[in-house]
Amino acid sequence: MTDDRHMNMKTETTTNGHLLWADDEIELLKGHILFLQKKGYEVDTVTNGFDAVDRCAENTYDLILLDENMPGISGLETLNRIKDISPTTPVVMVTKSEEENIMDQAIGSKIADYLIKPVNPTQILLSLKKNIHQRQIVAEHTQAAYQQSFSTLGMLIDDATDMDDWEEVYRRLVTWELQLSDADSAMGEILANQKEEANRRFARFIERNYLDWMANNESASRPLMSPDIFKRRVFPLLDKGEKVFFIVIDNFRFDQWRTIIGEISELFNIDESLYCSILPTATQYARNAIFSGLMPNIIAEMFPDLWVDEDSEEGKNLNEAPLIQTLFKRYRRQHTFSYNKVNDSTAAERLVARLPQLAKYDINVCVLNFIDMLSHARTESRMVRELASNEAAYRSITLSWFRHSAIGDLFKSLANSNYRVILTTDHGSIRCQTPIKVKGDKNTNTNLRYKLGKNLDYNLKEVFEIADPHRAMLPSPNLSTRYIFARGDSFFAYPNNYNYYVSYYRDTFQHGGISMEEMLVPLIELTPKRR
């Protein structure tokens with residue numbers, strides 16, 4: 001064994017990383033090693049696999065450069081022994097071997113990179129940056145890019161005049177939110193402030209236009225909304241003879257969609273869009289509007305036995321299959337359909353097992369309730385609130401659920417089918433921070449983002465008020481009923497026991513009001529790539 005003290009020299013200054021290079025021709029690599037040392041790396045060298053394993057047992061390395069063809073034990077055997085000692089240390093194979101089976105074995109052993117000799121120092125440096133410094137470099141670049149685009153995004157917010165503009169604003173905000181999730185707190189705070197300002201302006205946009213959209217549902221300025229989904233996105237597919245699998249993930253935000261997109265991008269061609277949920281952005285209203293193709297007051301008038309009033313203790317979403325039936329009947333559609341609700345993993349597994357039997361239907365509708373259940377559990381459970389302590393953690397739990405539950409299996413199965421898959425939601429949610437005092441009688445509904453009643457007391461400047469529910473196509477249980485909606489991250493709190501109420505509900509995810517997160521929600525069309 002040789003020990004080149006020059007090449008193994010330690011520096012007392014802070015280094016960019018501590019490397020181990022194992023190669024039986026290490027003498028020929030002096031130039032490369034000197035180059036790396038000048039770049040601030042500390043490099044230890046050995047000439048065989050046994051010494052490499054011993055060094056790994058004695059030291060902690062940021063990265064290991066490993067030749068495949070060395071005396072004693074091979075590079076692959078050395079790799080396996082090193083992984084036993086230090087499973088997370090990235091290993092780069094630097095070898096003359098171009099044999100495909102060697103590459104496959106190395107990749108199967110989860111090497112970080114595979115370089116074919118002769119290599120130049122720049123190739124080595126690039127591999128080090130990719131495997132040691134990537135997160136830091138990406139974070140710095142992302143922060144700089146966001147700083148450069150801050151003014152442009154601000155102008156987009158200022159100039160947004162229609163729903164297309166607001167969808168573009170929201171897409172960009174979500175993109176930066178995902179990219180900056182690992183950035184420093186100062187940059188994240190700047191983005192949060194910009195998003196807050198965008199939500200203020202978005203609320204004003206909704207307040208100026210919402211009642212006009214309700215008055216003229218054929219207006220060119222009205223965006224695609226909840227009652228339009230089947231008519232404009234599902235029926236055209238059925239008319240083409242497509243079989244459709246229609247999946248509604250309750251309370252599913254656009255950023256959560258962007259978090260799971262990587263799980264299905266290899267399985268499907270993806271057509272991504274957004275649509276606008278109706279008010280209130282709550283299941284009773286928005287999802288029933290999707291499945292019936294009608295606004296809530298029309299449902300209540302035409303099908304009073306299928307509409308459940310706010311003050312009823314009956315479940316508000318128990319009549320979804322009958323509502324779908326009324327929709328098909330109203331449009332004289334003879335298509336067959338199934339309705340499936342999934343509340344837990346057992347139900348999801350049963351649904352996957354039933355897929356062959358469901359193939360007989362023209363359209364299968366599936367409602368997945370996990371995310372809505374998560375948001376409620378986060379409110380009620382301190383432990384769940386800790387697990388989903390912020391937006392990034394909330395998205396992470398969504399991804400884990402999708403990846404490790406039977407829902408992931410459902411999409412894999414659908415990717416091997418002839419279905420056209422529509423993936424959407426009824427509404428999103430927003431993390432509430434700002435309490436607003438509201439007084440109401442005992443019949444006032446309990447939702448924190450919207451209230452309806454005849455004896456509401458509030459500051460008109462703090463809410464969006466709809467004094468005539470029929471103008472918003474909403475049911476009016478009493479002649480004097482009015483609706484109010486929270487904007488941005490605000491939530492309604494009663495003056496009685498105010499401090500307890502605020503501390504309990506602040507920082508929880510709620511829905512029902514006006515925000516981009518609640519109203520601009522994903523509408524995704526998936527076509528299996530293997531069709």
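## Aromatic pairs

Across the whole structure, which is a predicted model, a search finds 32 aromatic pairs. One of them is formed by Phe230 and Phe328, whose rings meet edge-to-face, with 6.4 Å from centre to centre and 65° between the planes. Because Phe230 belongs to helix H9 (residues 229–239) and Phe328 to helix H13 (residues 320–330), this pair ties together parts that are 98 residues apart in sequence. Phe230 is buried, and Phe328 is buried as well.

A further edge-to-face pair is made by Phe246 and Phe291, with the centres 6.5 Å apart and the planes at 65°. Here the pair joins strand S6 (residues 243–249), which holds Phe246, to helix H11 (residues 283–292), which holds Phe291, and so it ties together parts that are 45 residues apart in sequence. Are these two rings buried or exposed? Phe246 has a relative accessible area of 0% and is therefore buried, and Phe291, at 0% relative accessibility, counts as buried too.

## A ring cluster and charges over rings

The residues named so far also belong to a wider arrangement, since ring pairs link Phe230, Phe235, Phe246, Phe291, Phe328, Tyr331, Phe337 and Tyr339 into a cluster. Phe235, a member of this cluster, has Arg333 lying over its face, at 4.1 Å from the ring centre. Elsewhere, Lys437 lies over the face of Tyr498, at 4.8 Å from the ring centre.

## The six-stranded sheet

Strand S6, which carries Phe246, takes its place in an open sheet of six strands, whose order is S7-S18-S10-S6-S9-S8 and whose pairing is mixed. Which strands stand at the edges of this sheet? They are strand S7 (268–276) and strand S8 (337–342), and because each has a single partner strand, one side of each is left without a neighbour in the sheet. From one strand to the next, the twist averages 15°.

In general, the strands of a sheet pair through backbone hydrogen bonds, in either a parallel or an antiparallel sense. In this sheet, S7 and strand S18 (residues 520–528) are paired in the antiparallel sense over nine bridges, and Glu272 stands opposite Ile524 in S18.

## Helices against the sheet

Helix H7 (residues 163–179) lies across S7 and S18, and its course runs at about 120° to S7. Helix H14 (residues 345–353) also packs on the sheet, where it touches S8 and strand S9 (363–368), and its direction makes about 150° with that of S8.

Methods. Residues numbered from 1 in each chain as written. Predicted model: local features only at pLDDT ≥ 70, side-chain atom pairs only at ≥ 80, totals over all residues. Heavy atoms only, no water. Phe/Tyr/Trp six-rings, centres within 6.5 Å; stacked < 30°, edge-to-face > 60°. Helix = DSSP H or I, 4+ residues; strand = E, 2+ residues; numbered from the N terminus. Buried < 20%, exposed > 50% of the residue type's maximum accessible area, 1.4 Å probe, protein only. Lys NZ or Arg CZ within 6 Å of the ring centre and 35° of its normal. Pairing = 2+ DSSP bridges. Axes fitted to C-alpha atoms, helices over the stretch in contact; angles between N-to-C directions. Contact = heavy atoms within 4.5 Å.
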